[in-house]
Amino acid sequence: MKTSAAPRLPERHESLWRLIVSPTVWAVHFMLSYITAAVWCAKYVPRSGTLEPVRWLIAGYTLVALGAIAWNGWDGYRRHRHGASELPHDADTPGDRHRFLGFATFLLALLSAVAVAFAALAVLYFHDCR
Amino acid sequence: MNDQPRDPEPLAAEPPLALQRAQEARLRAAWTLPKGWRYWSAVNNTEVGVWYTATAFLFFAFGGVLALLMRIQLAVPGNEFLSADTYNQVFTVHGSVMMFLFAIPVFESIAVIFLPQMLGARDLPFPRLSAFGYWCFLLGGIFLSGSLFFGAAPKGGWFMYPPLTSAYQPGIGADMWLLGFSFIEIAAIAAAVELIVGTLKCRPPGMRINLIPLYCWYVLVAAAMVLFAFPPLIAGSMLLEVERAFHWPFFDPKGGGDPVLWQHLFWLFGHPEVYIIFLPSIAIIAMVVPTFVRRPIVGYGWVVLAAVGTGFISFGLWVHHMFTTGLPGISLALFSAASEAVAIPTGVQIFCFIATIAAGKLVRSVPMLYACGGLAIFVLGGLTGVMVALASFDFQAHDTYFIVAHLHYVLVGGAVFPIIAGCYYFFPLLSGKKLSDRLGKIAFWLLFAGFNLTFLPMHFTGLRGMPRRVFTYPEGLGFDTLNLVSSIGAFLLGSGVAVVAWDLIRPKTRQPLSARNPWNAGTLEWLPSMPPENWGVRSIPEVDSRYPLWEQPNFVRDVDQGRFYLPDAEEGLRETLVTTAIDAKPVQCLRLPGPSFVPFWAAFTIGGFFILGTFHWWWPALASLVVGIGVVCYWLWTATAKRPEKPEKHVGLGLTLPLYQSGSASVGWWAVLITMLAVFTAFVSLVFAYFFYWTIHDDFPPRGAKGPGVLWPCVAGALLAAAWAATMLARRWNRADRAGAFYVAATASVGLALAGAAAMLAGPWLTGMDPTRHVYPAIVWLLAIWTALHAVTGVLFNGYCLARRLAGRMDARHDIEIHNAALFWHFVAATALVTVAVIAGFPLAK
């Protein structure tokens with residue numbers, strides 16, 4: 001084992017919370033989209049009423065959500081690429097722990113981005129509350 | 001590679017043989033099982049876990065027999081083997097037993113046995129809590145299953161839709177379901193708390209978060225899902241039971257209620273539940289596959305992604321069970337999209353397993369046979385799942401046998417086969433003997449052929465239009481042959497289960513002991529010698545690999561000779577290590593409690609509340625609950641937060657650790673936090689119900705209805721916030737060793753909390769809100785009562801702290817109790833503020 005090659009880790013304490021940022025963003029985006037559509041259709045327009053404002057709102061949520069996920073995913077990717085080590089990040093070192101958490105964060109961000117995009121596709125196909 | 005001081009190495013020299021023998025004798029004495037009838041007071045994870053698993057298998061067999069009865073009834077058209085009423089009870093109990101008394105408990109019980117072993121821990125952090133969970137499960141399970149023999153079982157299907165289970169179902173069957181399963185769900189949450197804290201805090205030193213066995217990742221995710229999935233059902237069950245018992249119209253449209261709310265709450269639980277069952281089962285495959293291809297898993301990080309990602313997305317699927325309730329298309333589309341998205345992580349892990357098999361050298365074995373068979377079946381179930389996730393297809397297939405086929409492919413392939421793989425794989429760790437390869441293979445082919453013969457035809461029965469849950473069908477609709485084939489297959493399947501059961505229980509006295517680590521696996525659960533000792537692990541190792549038995553030289557020898565941590569039990573006490581959540585740095589030597597009947601009594605007295613409540617005998621039920629609370633207090637008083645005889649202890653390899661930790665460094669604090677997250681989720685479900693009514697119904701609140709007013713709820717909120725502040729001061733002053741100030745603050749908090757609870761109820765009481773008239777007063781009352789009960793529980797917490805300090809059991813340094821009380825009060829304060837905002841503020845905003 002070399003001891004000097006890698007730069008110092010940027011943080012001393014790491015937590016599991018950063019791992020679940022992206023899926024949490026997905027969950028918030030999902031619930032907001034669902035609740036917005038449900039409240040709009042139940043309270044403000046008849047069954048055949050337009051969905052136009054909801055579509056724009058969901059488009060907005062989607063941009064914000066994808067932005068947050070991209071930030072979290074980039075952060076994960078940066079940690080995954082930290083130092084000179086490659087997958088599978090299975091050494092008993094703070095460095096590999098750091099890279100592993102980064103890698104898992106990155107993968108979860110990818111999945112969350114796909115899931116958010118899937119949800120956003122819904123507004124492409126629906127124009128009213130039927 | 002970089003960046004660290006090296007971990008401690010095991011002792012370089014072998015400890016003297018005499019010392020090793022003396023250490024072993026002390027460990028054996030500390031971990032010995034009680035003898036005779038007292039055996040049932042055992043709390044060791046291996047004992048409780050095995051009872052738990054065996055009981056779950058008995059319920060599985062019971063549910064299986066019910067399935068066979070149904071298949072006899074459906075074998076030919078117009079059959080009169082079962083009456084319609086009996087058939088309704090049989091399919092309801094079959095589904096409920098398989099879900100609540102087999103699938104969930106068996107995941108938790110297998111984890112209770114093997115999680116500590118995989119983590120090189122001597123036991124889980126709360127052994128008595130596991131025992132409590134087991135006794136709750138046993139009592140509740142017998143009560144529910146027994147009801148069938150008296151013709152009193154629930155008969156509304158396992159998802160209990162009102163009004164079928166309210167207005168149309170007098171008798172106690174539905175009450176049994178609602179109260180009995182709420183009781184069992186509490187046990188399930190207790191186990192989840194245990195498993196989460198175990199995974200995060202009881203790992204061996206060096207087992208960083210990137211090294212934990214994949215099984216533990218899955219269990220962590222599944223246990224966390226339990227915390228957020230079960231509370232909506234507990235809340236929903238409470239609403240439905242209150243409707244049935246006291247006529248508060250939560251689901252009754254005549255009183256402004258809505259039966260669709262039940263569907264939301266049920267499936268908010270019900271869909272994640274499928275993944276709570278599936279993930280820990282597929283986790284067994286993640287352990288079996290690397291062992292039998294002799295190489296590390298391919299894509300460890302990807303499998304973690306799959307576990308965590310599935311855990312999240314599975315909460316966004318619940319409405320796909322409700323596609324035919326008439327929701328707007330946009331809502332259906334959102335849930336359809338999430339239902340398609342969840343296939344991605346699910347597929348990723350299966351490809352990881354396939355890649356591992358392809359990259360390694362496959363050793364043929366019975367566990368591998370079941371693993372592969374299970375995956376094949378599960379993939380078919382997954383594909384039909386993608387089909388029914390499409391709303392347009394689901395409209396056709398909904399409530400037909402196609403769904404029955406789909407869900408059995410998912411659950412039998414995703415859970416039953418992997419669990420049987422686990423039986424064949426792990427059995428030597430329980431008894432020191434292997435199961436029979438020959439019987440295992442015979443059983444596999446009976447099960448595999450029988451399963452497909454039963455359920456493959458059901459896809460076609462369903463597509464031809466046969467609805468599920470009908471007790472018979474007329475001749476000539478195209479169902480006859482398909483049903484007969486399914487029935488024949490069911491008996492083949494049943495015979496396979498019988499062969500497995502025989503293999504498990506057949507006497508093995510003359511069979512030689514299995515070799516140690518018979519499959520040549522790489523993870524810590526395979527450390528024990530055969531037959532295994534009760535102490536779990538001889539010395540707690542320093543881990544620096546995902547597969548220490550493969551990759552760390554002389555590992556088994558060093559563990560056996562006590563060259564690692566805690567090789568001894570000098571004080572004759574049960575001990576294990578507590579480590580940090582990310583890097584597994586040792587931070588505490590945790591003393592664990594020994595055998596006791598207290599968990600048993602706690603389960604029976606608290607169970608008494610639910611069982612007596614079923615018959616609406618409210619006073620005896622309340623009395624039983626009060627006794628139960630007393631037993632729990634006795635349990636806490638005598639066995640928790642004990643002050644050690646010395647502050648620190650040398651645990652080996654030059655490491656000295658504290659014996660006492662409080663606040664967020666203690667495992668008990670984490671248990672309170674996790675439990676309260678679940679409780680708060682139940683509260684959020686009630687708030688969801690409030691706003692659901694508002695969204696869907698124009699008459700919520702009804703015109704001219706008086707709300708609880710603003711004054712009393714605000715007074716209550718202020719009093720409870722003050723009680724919270726007093727509790728914080730009590731914690732601070734206790735830490736500062738200002739005893740007098742502590743007593744004043746704690747006593748004040750008790751008074752403020754009681755006043756706050758009374759003021760909370762005064763709002764709806766003084767404005768004369770009648771909860772039986774309309775759902776609006778009903779839900780306001782329920783939120784107020786919920787909050788008041790929290791305040792009263794907070795009084796118990798703080799009163800307990802006062803008593804502990806008075807008795808000299810709590811002081812400035814030993815303050816676990818007041819830290820946990822303070823944590824509880826954070827949740828009380830949050831609950832109170834939300835309740836006040838909703839019941840007082842919302843009518844104003846409207």
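**Entry 1: Ala721(B)**

I started at Ala721(B), which lies in helix H21 of chain B. I note here that the model is predicted. I counted the surroundings of Ala721(B) and found 17 C-beta neighbours inside 10 Å, so the residue counts as partly exposed. I then looked up its separation from Trp535(B): the two residues are 186 apart along the chain, and their C-alpha atoms are separated by 47 Å.

**Entry 2: the loop before H21**

I went back along the chain to the loop between helix H20 (667-696) and helix H21 (711-735) of chain B, where Pro701(B) is found. The peptide bond from Phe700(B) to Pro701(B) is cis, and I recorded its omega as near -10°.

**Entry 3: the loop between H4 and H5**

Which other peptide bond did I list as cis? I listed the one from Pro162(B) to Pro163(B), with omega near 5°. I placed Pro163(B) in the loop between helix H4 (127-146) and helix H5 (173-201) of chain B.

Met160(B) also has its place in the loop between H4 and H5 of chain B. I noted a positive phi of about 55° for Met160(B), although this residue is not a glycine. Is Met160(B) buried or exposed? I found 25 other C-beta atoms within 10 Å of Met160(B), and because the cut-off for buried is 20 or more, Met160(B) is buried.

**Entry 4: the loop between H15 and H16**

I looked up Asn520(B) next, in the loop between helix H15 (480-505) and helix H16 (548-551) of chain B. Asn520(B) is not a glycine, yet its phi is positive, at about 60°. With 13 other C-beta atoms within 10 Å, Asn520(B) is partly exposed.

Leu513(B) is found in the loop between H15 and H16 of chain B as well. I counted 15 C-beta neighbours inside 10 Å, so Leu513(B) is partly exposed. From Leu513(B) to Ser749(B) I have 236 residues in sequence and 60 Å in space, C-alpha to C-alpha.

**Entry 5: H14 against H15**

Two packed helices are described by the angle between their axes and the distance between the axes. For helix H14 (residues 437-463) of chain B and H15(B) I wrote down an angle of about 155° and axes 7 Å apart. Angles over 145 degrees count as roughly antiparallel, so H14(B) and H15(B) are roughly antiparallel to each other. I recorded the crossing in which H14(B) passes H15(B) as left-handed. I sorted the residues in this contact by class and got 19 nonpolar, nine polar and one charged.

**Entry 6: Thr461(B)**

I picked Thr461(B), which is found in helix H14 of chain B. Thr461(B) has 27 other C-beta atoms within 10 Å and is therefore buried. How far apart are Thr461(B) and Leu74(B) in sequence and in space? They are 387 residues apart in sequence and 12 Å apart in space, C-alpha to C-alpha.

**Entry 7: two partners of H4**

I took H4(B) with helix H2 (residues 45-75) of chain B and found that they pack at an angle of about 20°, with their axes 10 Å apart. Angles under 35 degrees count as roughly parallel, so H2(B) is roughly parallel to H4(B). I noted the crossing of H2(B) and H4(B) as left-handed.

I then took H4(B) with helix H18 (residues 598-614) of chain B. Their axes come within 8 Å and cross at roughly 40°, which makes H4(B) oblique to H18(B). The crossing of H4(B) and H18(B) is right-handed.

**Entry 8: the nonpolar core**

I closed with the largest nonpolar core, which has 324 residues. I listed the residues with the most contacts inside this core: Tyr218(B), Val219(B), Val226(B), Ala286(B) and Ala338(B). Which helix gives this core its largest share? I found that helix H7 (residues 259-293) of chain B does, with 23 residues. Where does this core lie with respect to the domains? Domain 1 (43-505) and domain 2 (704-845) of chain B both give residues to the core, so I put the core between them.

Notes. Residues numbered from 1 in each chain as written. Chains lettered and ligands numbered in written order. Predicted model: local features only at pLDDT ≥ 70, side-chain atom pairs only at ≥ 80, totals over all residues. Helix = DSSP H or I, 4+ residues; strand = E, 2+ residues; numbered from the N terminus. Buried ≥ 20, exposed ≤ 12 C-beta atoms within 10 Å, placed from the backbone. Axes fitted to C-alpha atoms, helices over the stretch in contact; angles between N-to-C directions. Parallel < 35°, antiparallel > 145°, perpendicular 65-115°, else oblique. Left-handed = near helix turned anticlockwise from the far one by under 90°. Nonpolar A, V, L, I, M, F, W, Y, C, P; charged D, E, K, R; others polar. Core = buried A, V, L, I, M, F, W, Y, C linked by C-beta atoms within 7 Å. Domains from an automatic or database assignment.
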